[in-house]
Amino acid sequence: MALMKSLSDDRTPTGGESDAVLMGAVARRDGAALGKLYDRYGSQLYALCLRILREGPDAEEVLDDVFWEVWRRPERYDATRGSAMAYLITLTRSRSIDRLRARRALRSTSLDEGSADPIAAKTPDGETSTPLVDVELGQRRSAVRRAIAELSEDQRRAIEMSFYDGLSHSEIASSLDEPLGTVKSRIRSGLIRLSGSLRSVYGGEVPDDV
Amino acid sequence: MTCEKRRDLLLLHAAGALDDPERREVLVHLDTGCPVCAGAMAEAQATLAHLPLGLDPVEPPARLRQRLMARVADESARTAASGSGGVAPLRRPTTGNWWRPALAAVAASLVVLVAGGFVFQQRQSRLADRISDLDEVVAGQRQEIQHLRDSLDGAMNVVARYARPDVRVFELGGTEHATTAAGRVFWDRATGTWDFHVAGLAPSSTDRTYQLWFITADQRKVSAGTFDVGADGVARMLEISIPDDVGVISVAAVTDEPRGGSLQPTGQIRLAGEVPAST
């Protein structure tokens, strides 16, 4: 299956350089390679930042931080532990959640220096979509959306509150006024279902030597 | 708990949904190197890493890419300017009367033989001195090893303390003034102390320092102490005592202050984080 073919091979089926090649080039201080990674994943990572932070300026700063981190510290990416895409997404989420926590803490105190109005999924330049740069990435997106659509509304909401809003299951239970066991069960069953659905997508990305 | 039953916890842990006691249990087990759970964790992380692909991509402003690539080009130029290169050209053999270089070689050999004996003695003396120097180095390294062993023992004690169920962990995120900074507090409820670890802060200058604050539910800001950051961007404050009369602490924050600290926050906020309820 085309989806089984990881972007870690030297060339993608459409002839573009693979993520592994680009990350290797970045490690050799090839700025153009960083630009290609930005073109390939920038819009997806920016969407992730906006989903978590819901504010354009914060999202822009985090996106910039992520790619600058990739440039400054390429040695932190370990190809044996997962794909470059997974690394970028994990780094972006981590930085976004950190910023979200700082903002939440400040807004609950008089130390708050003033904040932008939160705007749900703000799109600074009015654009909400971008032409797909990479066919394989587009196929993955379709597969992930199909998998998410198969979840129940409760499962999807619990997973999103955990993954995008940085809430623990007890915080989610409190927020939804639901029993803790119910929330844990929804997250667990939802993730199990997602794992099953997406295994064919990332099949080549889980390290064999763990 | 069997690894099969722990699989559910691993999914929740990968999603960041576990509370502290369960998260600690998972981390302790993963540290054992269990291959079954490591594999399950890798699969859970791969699943979650794909979750954001369900979001519609949003094109970032063009100036972000321009700014990033300009920084990359600038840094590359500075790195290239500080480097050195060039290869010494090979010397081509010269032509001429063959006996001249041969005579010169014989004469040179005689000089080498005469001087060789003297050089040999000098060399013996230098080797003896070198051995003496190396003995000192070895002695110094033995001391360093012992120091490292003592540090490791101390670190293991700290790890054991952090693994206790009555130690709560919460995180501080960097603000727009310290975008790469991140902090973590280990709150030992048994002793009423905080251990604070931070990374990614800009090094302290001679006239400025960083200050950690307890911020209470009624908005009082109580200093938890000052700290400096070195070139590596890392700092820690251990066993910070929480005053008995401070009340409920709702937020922890780090600000940039004049050297010596301030009675109340005056500088930019670099990190902040919500403090979990004590119960």
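## Chain A

Contact means heavy atoms within 4.5 Å. In chain A of this predicted model, 65% of the contacts between residues at least 6 apart in sequence join residues at least 24 apart.

Chain A has 8 helices and 0 strands, where helices are DSSP runs of H or I with at least four residues and strands are runs of E with at least two, numbered from the N terminus. The order from the N terminus is α-α-α-α-α-α-α-α. Of the 210 residues in chain A, 52% are buried (under 20% relative accessible area, 1.4 Å probe, protein chains only). The exposed area of chain A is about 9,200 Å², with 48% supplied by carbon and sulfur atoms (Shrake-Rupley method, 1.4 Å probe).

## Helix H3 of chain A and helix H4 of chain B

H3(A) spans residues 56–72 and H4(B) residues 62–81; their axes come within 11 Å and cross at roughly 30 degrees. H3(A) is therefore roughly parallel to H4(B) (angles under 35 degrees, taken from 0 to 180 degrees between N-to-C directions of lines fitted to C-alpha atoms over the stretch in contact).

On the H3(A) side, the residues that meet H4(B) are Glu60(A), Leu63(A), Asp64(A), Phe67(A), Trp68(A), Trp71(A) and Arg72(A). Their counterparts in H4(B) are Arg63(B), Leu64(B), Leu68(B), Arg71(B), Val72(B), Glu75(B) and Ser76(B). The residues of this contact divide into 7 nonpolar, 1 polar and 6 charged.

## Conventions

Residues are numbered from 1 along each chain as its sequence is written, and chains are lettered from A and ligands numbered from 1 in the order in which they are written. Local features need pLDDT of at least 70, side-chain atom pairs count only at pLDDT 80 or more, and totals for chains, interfaces and linings use all residues, while side-chain values use heavy atoms, with hydrogens and water left out.

Notes
Parallel < 35°, antiparallel > 145°, perpendicular 65-115°, else oblique. Nonpolar A, V, L, I, M, F, W, Y, C, P; charged D, E, K, R; others polar. Buried < 20%, exposed > 50% of the residue type's maximum accessible area, 1.4 Å probe, protein only.
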